[in-house]
Amino acid sequence: RGAIPGFGGVLSRDELFALAARDDVASRLVRASRGRYSLAHGPFNRRQLDALPARGWTLLVQSVNLHEDRADALMRRFAFVPYARLDDVMISYATPGGGVGPHVDSYDVFLLQAAGTRRWRYGRQRDLSLVPNAPLKLLRSFTPQHDDALEPGDMLYLPPDAAHDGVAIDACITYSIGFRAPRFQQIVEAFADHLRDGVDIPGRYADPALHASRAPARIDSGLQRTLVAALDELRWNRAGAARFIGRYLTEPKPDVVFEPPRRASRTRFEQRGARDGVRLDRRTQLLYDDERYYLNGDDAPLPEHDRAALTALADRRALDATQFAALSEAARDLLYDWHRHGYLATA
């Protein structure tokens, strides 16, 4: 209760509707009536939304932090959990009776109420089977253990696979701050793709010493040994796996598009950086480990001279003018290159 006292949201309803009208923003509209749900994908213009009934619908706008600095700043307030886990901020506007039905999510989430009142029923349950042929992933049976109404400033935390159902008591806005919790199967599949992209094993199978076979369906042990030896060429070590992890955790979402500055001269960048400092673009993910930094799916060794500055930039998302002025020329070259690609801006 009162997790953020007086919290009224960072976007108004009209601003949220304007985002939902954009074709570069993912949005959904869920309508509920007598236990049945329908789903439509945006964009939605204001006329469409104004024509909806007074009850029973929810507008969900995804990854608002990628499009609004204010939403990104809200997400960064949750940095008590590492950035490697932070995912996005979704904002939902619901009319009385609106909701998306009982379901589970595959991520950790904080549900922060910004306006109005929403009733949440939630709890753990073993049966996670879904309603067949439904437009949404709705639980076939729902047996909540808890029932709470959240008002502005209240916040509910739900771990992955916790069953929950939120219904608007009156017109309300809820912020969902989500954290990545990928299944190990997803990680291993992505790692297998990563290894495949780097595979270059020479040679071709041949068996010049093969004798005529009396059992043509039998897999020859020599063939097995030869192919197993080829498979053994696919190797990785801890350092290679660490590089994959950093790249995986910073890979931009498929719909992310960076916008290079219109004026990207080196002189202008140096002048403004020395005067105002620099900051990462809200779409940029910059992480680091003991050896390397990882930026938007790429990586490089941490330079010894500028290690403290680059890790500070990653942690604080910005460098002030004094920190910028102390950078080596090589580091300023690097930041200027990021600036040219739209990954970083002058403050």
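This passage describes aromatic ring contacts, a cation–ring contact and a nonpolar surface patch in a predicted model.

A pair of aromatic rings is described by the distance of the centres and the angle of the planes. In the present model, the count comes to 15 aromatic pairs. Phe17 and Tyr93 form one of these, with an edge-to-face geometry defined by a centre-to-centre distance of 5.5 Å and an angle of 85° between the planes. The contact joins distant parts of the chain, since Phe17 belongs to helix H1 (residues 13-20) and Tyr93 to strand S4 (residues 86-94), 76 residues apart. Both Phe17 and Tyr93 are buried.

An edge-to-face arrangement is also found for Phe269 and Phe324, whose centres are 5.6 Å apart and whose planes are at 80°. Here helix H7 (residues 266-276), which holds Phe269, is linked to helix H9 (residues 321-325), which holds Phe324; the two residues are 55 residues apart. Phe269 has a relative accessibility of 1% and therefore counts as buried. Phe324 is likewise buried, because its relative accessible area is 1%.

Ring pairs further connect Phe78, Phe80, Phe110, Tyr157 and Phe179 into a cluster. A contact of another kind involves Arg76, which lies over the face of Tyr83 at 4.7 Å from the ring centre.

At the surface, Val199, Ile201 and Leu234 make a nonpolar patch of about 220 Å². Within this patch, Ile201 is placed in the loop between helix H4 (184-197) and helix H5 (221-231). Ile201 counts as partly exposed because its relative accessibility is 36%, a value between the limits of 20% and 50%.

Definitions and conventions. Residues numbered from 1 in each chain as written. Predicted model: local features only at pLDDT ≥ 70, side-chain atom pairs only at ≥ 80, totals over all residues. Heavy atoms only, no water. Patch = residues over 30% accessible without salt bridge, like charges linked within 9 Å, V, L, I, M, F, W, Y side chains within 5 Å. Areas by Shrake-Rupley, 256 points an atom, 1.4 Å probe, with all protein chains shown as cover. Salt bridge = Lys/Arg side-chain N within 4 Å of Asp/Glu carboxyl O. Helix = DSSP H or I, 4+ residues; strand = E, 2+ residues; numbered from the N terminus. Buried < 20%, exposed > 50% of the residue type's maximum accessible area, 1.4 Å probe, protein only. Phe/Tyr/Trp six-rings, centres within 6.5 Å; stacked < 30°, edge-to-face > 60°. Lys NZ or Arg CZ within 6 Å of the ring centre and 35° of its normal.
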